[in-house]
Structure formats: structure tokens, C-alpha cells
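Colleague: I should be grateful for guidance on how to read a protein model. Would you take me through it feature by feature?

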Amino acid sequence: MIVNGNKVLQSVPEDAANILPQLDSKAVASLWQHAAYRARIGTYQGTPVYLLDTDEPVELAGFESLPLRQLLHRVDSQLFALAGRACQVAYFIRTHLFCSQCGQGLEEVTDELAVYCRTCDYRTYPRISPCIIVAVYRGHGDSAEILLAHGVRHPEGLYSVLAGFVESGETLEQCLAREVFEETGVDVECIEYVMSQPWPFPHSLMMGFTARYRDGDVTPDGNEVLAANWFTFNALPKTPPPGTIAAQLIDAARTKCGC
Ligand SMILES: [Zn+2]
């Protein structure tokens, strides 16, 4: 994973055989010296995966530095997770050059992923921002419906499940109830955990739930959510593509409703 800013070196054109560079040890050694930061970040199908964070885009024939997001639909979820990890680690190192407590320079720690201030004995770890994401449903069978919203950051015409950041001191369940109510005016019950997915833009961890409608008329907040409505499962609007946690939560809600 050759990272530069929020970009990852990936093949052009789109249909190239190797989407990410697979380099021999000599090529790695030469790039290694020029990287601002390097680390082994995991294994993919038995092959070690390294992060090289570079100050300048690396020039490699057939490859180009492109936004991490463009990799999302080109590689499987395991490889995308590693690319996400690479970008998050690089982001952490780039944004933690100085101590937030005393202002002195930080040094890298070798026994774990952290940076350390020798002056005031303060250790900093990569930030992970927990978010909830929830599919709210009501009814059963053919008449069952799901609550979907068009948010300010969504492409035109796309509707998705609701999501929001966890605040300090909040449980996931409290966050979920608050976010759904703030964004749509709806109260929920029967909150059930489904799955989680790291979302490296820049360092979220999405925790996915389903919840059953209890009360309230749908009223978009007009701020985060521009439009929200109930949809039957056989007449959904444009929703996020398969593989996303949103798509999997829509499926989970569909199963809950027995349709
Ligand atoms: Zn310090």
C-alpha cells in the first residue's frame, strides 16, 4: 500500500491484472528509503502487506495515486480493509508530529502503534471514531417498510439508512435512539446489533443495527437529512451498493420483517 495523503497507488487502466503494486524486495528496498513512514500492516492471502507513506506521489509504470474511495469497488473487502488501515495509520502519523499536551516533538513507538512524548511521558494512539448505522423498520410481510433518508453528503437520488457519531459518555443504544430522533423525529425500540465495518474516511468504525419503529411522524431535520421516508422493500429507491454495511442492514431489516 503506497500511500500519499488520502491516495493509494493503484493500477490504471481499471482492468489491469494487479490492482495494487506487487514489488520484489529490491524495488521495495529502494522505495523504503524514500518513505516518510513504513510499517507492516497485515497479511493478504498469505502475502505480507506493507504500508509506505510517501511525501511525493511515487511514479510506477501502470500505476497512479488515486483516492482510497476509488479502490472500494475494485478489490475485495479484506484487501480494502487493509488499504483503509494503511490510510488510517499514515493519517495518524502525519497528524501526530507534536505532543498535544506540551508541544514537543513526538517519536514513534516500536512495540505498538503509537507515538510517544519523552518530555511529558504521554502516549497517543490512532483515533477511531465510533458511529452507529441503523435500519429502522415497521410492519410485516408485504406491507413492511424501511425508513431511508437522503443526507446532505449523499449523491443525488440516493437514499440510505441513518447514521451518526457516538458522543462522549453515550452508549451505542443511546446514540442510536438520539440520532434517529434528531434526524427524522422517529422513536425506536427493539435495537439489535448486526455487524460492524471500519470506514476509513478518515477513521470511523461503523456499528450496524436494526431497530423497530415505535412512534412519531417522519420529519427530516433539514440539516443532516434533507429527505426521509418509509419505503416498502419491493419498491426501494436507489440505495448503497452490495458490500456496503448499509446494503447489508437493509437486508437484515428485510429478514426481520419476513419479506
Ligand atoms: Zn508532551
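**Reading the model**

Modeller: Let us begin where the two domains meet: 8 residues of domain 1 are in contact with 6 residues of domain 2. Please bear in mind that this is a predicted model.

Colleague: Where do domain 1 and domain 2 lie in the sequence?

Modeller: Domain 1 covers residues 2-95, and domain 2 covers residues 129-256. Their centres, taken over C-alpha atoms, are 32 Å apart.

Colleague: How much area is buried between domain 1 and domain 2, and what share of it do carbon and sulfur atoms give?

Modeller: About 700 Å² is buried between the two domains, and carbon and sulfur atoms give 76% of that area. On the side of domain 1, Arg 69, Gln 88 and Tyr 91 supply 56% of the area buried against domain 2, more than any other three residues.

Colleague: How many salt bridges are counted between domain 1 and domain 2?

Modeller: The count of salt bridges between these domains is 0. The search for polar contacts across the interface of domain 1 and domain 2 likewise finds 0 residue pairs, where both residues must have pLDDT of 80 or more.

Colleague: May we step back to the whole protein? How many helices and strands does the secondary structure comprise?

Modeller: There are 4 helices and 14 strands. The C-alpha trace spans about 60 × 50 × 30 Å along its principal axes. Of the 259 residues, 44% count as buried. Among contacts with a separation of 6 or more, 62% are between residues 24 or more positions apart.

Colleague: How should one think about the interior?

Modeller: The general idea is that, in soluble globular proteins, nonpolar side chains tend to be buried together. In this structure the largest nonpolar core has 29 residues, and Met 1, Val 3, Val 8, Leu 51, Leu 71 and Leu 79 touch the most other members. Strand 3 (37-44), strand 4 (47-53), helix 2 (77-94) and strand 7 (115-117) each give two or more residues to this core. Helix 2 provides the largest share, 10 residues. Apart from this core lies another, of 19 residues, including Ala 149, Val 166, Val 188 and Met 207.

Colleague: Which residues does Leu 51 touch, leaving out those up to four places away in sequence?

Modeller: With those set aside, Leu 51 touches Met 1, Val 3, Tyr 37, Arg 38, Ala 39, Ile 41, Ala 86, Val 89 and Ala 90.

Colleague: I would like to turn to charged side chains. How many salt bridges does the rule count?

Modeller: The rule gives 13 salt bridges. One of them joins Arg 178 to Glu 167, with the closest N and O atoms 3.8 Å apart. Arg 178 belongs to helix 3 (residues 172-184), whereas Glu 167 is in the loop between strand 11 (162-165) and helix 3, so this pair ties together parts that are 11 residues apart in sequence.

Colleague: Is Arg 178 buried or exposed?

Modeller: Arg 178 counts as buried, because its relative accessibility is 17% and the cut-off for buried is under 20%. Glu 167, at 47%, counts as partly exposed.

Colleague: What joins Glu 182 and Arg 178?

Modeller: Their side chains form a salt bridge of 3.3 Å, N to O. Both residues lie in helix 3, 4 residues apart, which is about one turn of the helix. Glu 182 counts as partly exposed, with 45% relative accessibility.

Colleague: Which parts does the salt bridge between Glu 189 and Arg 212 tie together?

Modeller: In that pair the closest N and O atoms are 3.5 Å apart. Glu 189 is in strand 12 (residues 187-199) and Arg 212 in strand 13 (residues 204-215), so the bridge ties together parts 23 residues apart in sequence. Glu 189 is partly exposed at 28% relative accessible area, and Arg 212 counts as partly exposed at 36%. Elsewhere, salt bridges with shared partners join Glu 167, Glu 170, Arg 178, Glu 179 and Glu 182 into one network.

Colleague: As a last exercise, where is Val 225 placed?

Modeller: Val 225 is in strand 14 (residues 225-232). At 3% relative accessibility, Val 225 counts as buried. Residues up to four places away in sequence aside, Val 225 touches Ala 149, His 150, Gly 151, Leu 162, Glu 183 and Pro 220. Val 225 and Tyr 44, in turn, are 181 residues apart in sequence and 38 Å apart in space, C-alpha to C-alpha.

Conventions. Residues are numbered from 1 along each chain as its sequence is written. This is a predicted model: local features need pLDDT of at least 70, side-chain atom pairs count only at pLDDT 80 or more; totals for chains, interfaces and linings use all residues. Side-chain values use heavy atoms; hydrogens and water are left out. A nonpolar core is a set of buried Ala, Val, Leu, Ile, Met, Phe, Trp, Tyr and Cys residues joined through side-chain atoms within 4.5 Å. Buried means under 20% relative accessible area, exposed over 50%, partly exposed in between (1.4 Å probe, protein chains only). Contact means heavy atoms within 4.5 Å. Domain bounds come from an automatic or database domain assignment. Buried area is the accessible area (1.4 Å probe) that two parts lose on being put together, summed over both. A salt bridge is a side-chain nitrogen of Lys or Arg within 4 Å of a carboxyl oxygen of Asp or Glu. A polar contact is a pair of N or O atoms within 3.5 Å; within protein, one must be able to donate a hydrogen and the other to accept it, and residues adjacent in sequence count only if both atoms are side-chain atoms.
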